[in-house]
Amino acid sequence: MNTRLIPTAVSAGACLLSTSALSRLFDGTRWWLVPVAIAVVVAVSTAAASRLLRLPVAARLLVSLAGLVVTVTALSARGTAVLGVIPTPLTVRTLRALISDGGSDISRLATPVPHRPGLVVLIVVGVYLTTMLVELIVVTLERPTLGGLPLLALYAVSAAILPGGVGAVPFLLGTVSFVGLLLLDGRLAVGRWGRTVSAGASAERRAGEPFGPRAAVTALGVSLVALLVAFTVPLGLPSLDGAGLVSRKSGYGAGDGPSSASVVQPIVSVSQQLHADATVPLLRVTTSTPRYLRLTALENFDGQLFTLRALNATRDDRVSEGLPKPQVGGQTATTSADISVASRFNELYLPVPGIPTKIKGLAGDWRLASPTGTIFSTRTSTAGASYQVEAVIPNPTRTQLESATGSVPASLTVDTALPSDLDNRLRGLLATITQDARTTYDKVYAVQEYLRSSVFTYDLQGAPTTQEGALARFLFVTHRGYCEQFASAMTVLVRMLGVPARVAIGFVPGERQPDGSYLVTNRQAHAWPEVWFPTLGWLGFEPTRRADGATTTPTYAPAGVADPDGLGLAPGPQSQVAPEPEPTTGAQTDPTPSPTPTVGDGASDTPTGAPIDARGSGLPTWTLALLVAAAPLLLLLSVPALVRLRRRRARLRPGRHAGGPGPATDPGGSVGQVHDAWAELLDVAADLGITIRPSDSPRGGITRLASYLDAEPAERGPVEPASPLPSAYPQAREALERLAAAEERARYAPADLAGPPPPAEITKDVMVATETLWSVAPRGRRIMARLAPPSVLRGGRDGASRFRRSPQVTEDSGHASADQADPTGARAPDRTDTETGSQPVVTNCR
């Protein structure tokens, strides 16, 4: 066991040091480092306990995986588990939701990533599995150098994501871990050859030490030189940008470094919000002029659906530094609003009306993406935020709109791009819709009014926008859909005019409450098109007539005569600058970030809200760490005691060998019962620390047991007998004598002359003998024998299989075969000289 202690410690230390490679990926330390340390400790402890119990490799793997389940449950969903560690079906659902959320966080958050419960689960699972693999390679397979490969994966992840790499300190710590593995490999390699041969007394004292002081100094010197070269050489090497392979600028390499934040958003959809069964409050807005609240806009179109492009903003674009003056032409209006966000609305994009000019009371690192005007964050979310917004609302006149002409800037090319394989019928439809229109504005307005006409019906069961050919089906076949279909259709038709357009995502104003505020729920999730006009900027239009009347047309594009809603003059989706980040309506019951920042997902009825509540048990971190580390160990340490108890009960069970494959002269299985009794006696002796050599004959073993009974208490240790009855000792000696005689005959006498006692008498004798031995043993030894019985830990065969009859004595003994032995069985078995330790001549004799 001691031979595995050093490899175990080295593998655990290497794993802990290598996790430092993850430090620059996350914002903060304790929230991820403590779970990671617990995962490493549990992974190593379960593996060590499995080896201690000498379990098969497959069983060790199962035990380690069980430790993983217990660890993840205790750290992330203990409120859903029995005793905080035993998973339940609710635990499975909770962890599944957290894993989904973690995957979404990975795809949408920029480094350094803030604390996210889903990421904790993924980090713990990844580090635990890595530790399992390293421990298997280093300790079990004894290949420490190969153990560095799984650890290299931790560094590869960071190196691939971070522009400046993992950093100097994690690099040094990783180097220390790899050097430790190399030293261990050298130690094991030398150790396989045995002890080193050296002359002199000092060399003898160092026998068995694979490394002397000189070798250790040499190894460390080589390592230090290698590190120095690895640090200094890259500084002088050139790179494509001329700054050198290792940039000496501040930040991560030669780029913007920590002064920048970027995020690539996934596809956004409002369908889940609108189709959800539950109504979930998201925002409360206090304002005198309710407006659409905009989260983001989708610009990329692949022929099937609109998606987001990347957002980028530097430190200078922080909202806390002030917002730039809006660059809009034409008439404008102003509005202000106090917005309170529900804690369940975890969004990376700030809901705001119009073009914000001032935001107060907003905590966190929020930044403005200048090309689009979107306010987003990669380090915090909207959950629980409260802030005040002042904004400008573009409200041009019809004359200003009709006179807005000019070329489209190259920066807006993405907003006019269309795939080449669009349905050919679209251009014919567009020509029909705009045949009476003169100006660009007239054509755009005509498209809006066509979609608002009685030809189309608002229907939540309409064709989804992600379905192939959904746009053509909506325009030419079903004429039924919801805001995504209407907004996407108008955006595509406007782009076909050569006019920049995109799909905005956000919320309609909401329902007025008795206190004058407006409550926005997932039912108010909405999508509408935005169109760009020269000198005026981006303006919102409203082609959707919702069944609940929540949508209204803007004053510059009112409902026409053919519109079933009549001449609508109510304020609608006012033109809003800055579309682009992706809105995920955080209206889901899960208080953790949405698996994808989609504006749908908010009203899920799955029990994903459990993870946060589950972690609120209030237990201190050190207590949780102790429980997580101790629970699997206690469970595993109880296995030897249970095995020992089961083995004893099986041996003493009456009739165990009756009718078995024994000789015909022993139908009751008494010979097998004798072997079981003798095996039980030897195991009790081993558990109590009584030395019986494998070379001892049955009578030699009995002599040792009798000597133990005769020993003074000081020789055995402090004795506190469980039933101190001196009269039991003679009975015990007699029982031992009968067991030894029965075992000798069972081993050496012919099967038909063995004459074993009845099974009941055998069981009685072994009970008397073993109970007496237990009674005289010291209390400490009895406790250890119960908790960690050496007879189980050392392995070995059981009962009759341990003592097979030998058909022949060895030729060296000069005796005849066993079948020619004295019928009385009086031939004394070969004995062992207890002083010389000579081996018995009877084969298979224990």
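**Figure 1. Confidence across the predicted chain.** The model is predicted, and the chain averages a pLDDT of 73. pLDDT is the predictor's confidence in each residue, from 0 to 100. A score of at least 70 is reached by 68% of the residues. Residues 198-211 fall below 50. Beyond near neighbours in sequence, this stretch has eleven contacts in the model, a contact being heavy atoms within 4.5 Å. Residues 239-269 also have a pLDDT below 50. That stretch has 84 contacts beyond near neighbours in sequence. Where pLDDT is low, the predicted coordinates should not be read in detail. In this predicted model, local features need pLDDT of at least 70 and side-chain atom pairs count only at pLDDT 80 or more, while totals for chains, interfaces and linings use all residues. Residues are numbered from 1 along each chain as its sequence is written, and side-chain values use heavy atoms, with hydrogens and water left out.

**Figure 2. The chain as a whole.** The secondary structure comes to 24 helices and 19 strands. Both are DSSP runs, numbered from the N terminus: helices are H or I with at least four residues, strands are E with at least two. Buried residues make up 50% of the 846 residues. Buried means under 20% relative accessible area, exposed means over 50%, and partly exposed lies in between (1.4 Å probe, protein chains only). The chain exposes about 38,300 Å². Carbon and sulfur atoms supply 59% of that area. Accessible areas come from the Shrake-Rupley method with a 1.4 Å probe; for residues, only the protein chains shown count as cover. Of the contacts with a separation of 6 or more, 74% join residues 24 or more positions apart.

**Figure 3. The five-stranded sheet.** This open sheet has the order β8-β3-β15-β18-β19, with antiparallel pairing. Two strands pair if DSSP finds at least two bridges between them. β8 (352-353) and β19 (537-540) stand at the edges. Each has a single partner strand, so one side of each is left without a neighbour in the sheet. At one edge, β3 (residues 293-298) pairs with β8 over two bridges, in the antiparallel sense. Here Arg294 stands opposite Val352 in β8.

**Figure 4. The β18-β19 hairpin.** What lies between β18 and β19? Three residues separate the two strands of this hairpin. Thr535 sits in the turn and has a positive phi of about 70 degrees. β18 (residues 525-533) and β19 are joined by four bridges and run antiparallel. Phe533 has Gly537 in β19 as its bridge partner.

**Figure 5. The six-stranded sheet.** A second open sheet follows the order β9-β12-β7-β2-β17-β16, again with antiparallel pairing. Its edges are β9 (355-360) and β16 (511-512). Each edge strand has a single partner, so one side of each lacks a neighbour in the sheet. β16 and β17 (residues 518-521) are antiparallel and joined by two bridges. Glu511 stands opposite Leu519 in β17.

**Figure 6. Aromatic rings.** The structure holds twelve aromatic pairs. Rings of Phe, Tyr and Trp (its six-membered ring) pair if their centres lie within 6.5 Å; planes under 30 degrees apart count as stacked, over 60 as edge-to-face and the rest as tilted. In one pair, the rings of Phe26 and Trp31 have centres 5.3 Å apart and planes at 75 degrees, so the pair is edge-to-face. Phe26 is buried at 11% relative accessibility, and Trp31 is buried at 14%. Phe456 and Phe486 also pair edge-to-face, at 6.1 Å centre to centre and 70 degrees between the planes. Phe456 lies in the loop between α13 (440-451) and β13 (457-458), and Phe486 lies in helix α15 (residues 483-496). The pair therefore ties together parts that are 30 residues apart in sequence. Phe456 is buried at 2% relative accessibility; Phe486 is buried, with a relative accessible area of 2%. Tyr450, Phe456, Phe474 and Phe486 form one aromatic cluster.

**Figure 7. Thr544 and the cysteines.** Is Thr544 buried or exposed? Thr544 counts as buried, at 0% relative accessibility. Thr544 lies in the loop between β19 and α16 (610-614). Leaving out residues up to four places away in sequence, Thr544 touches Arg452, Tyr458, Cys483, Phe486, His526 and Thr551. Cys483 is itself buried, at 0% relative accessibility. Cys15 is buried too, at 3%. The chain has zero disulfides, counting a pair of cysteine sulfur atoms within 2.5 Å as a disulfide.
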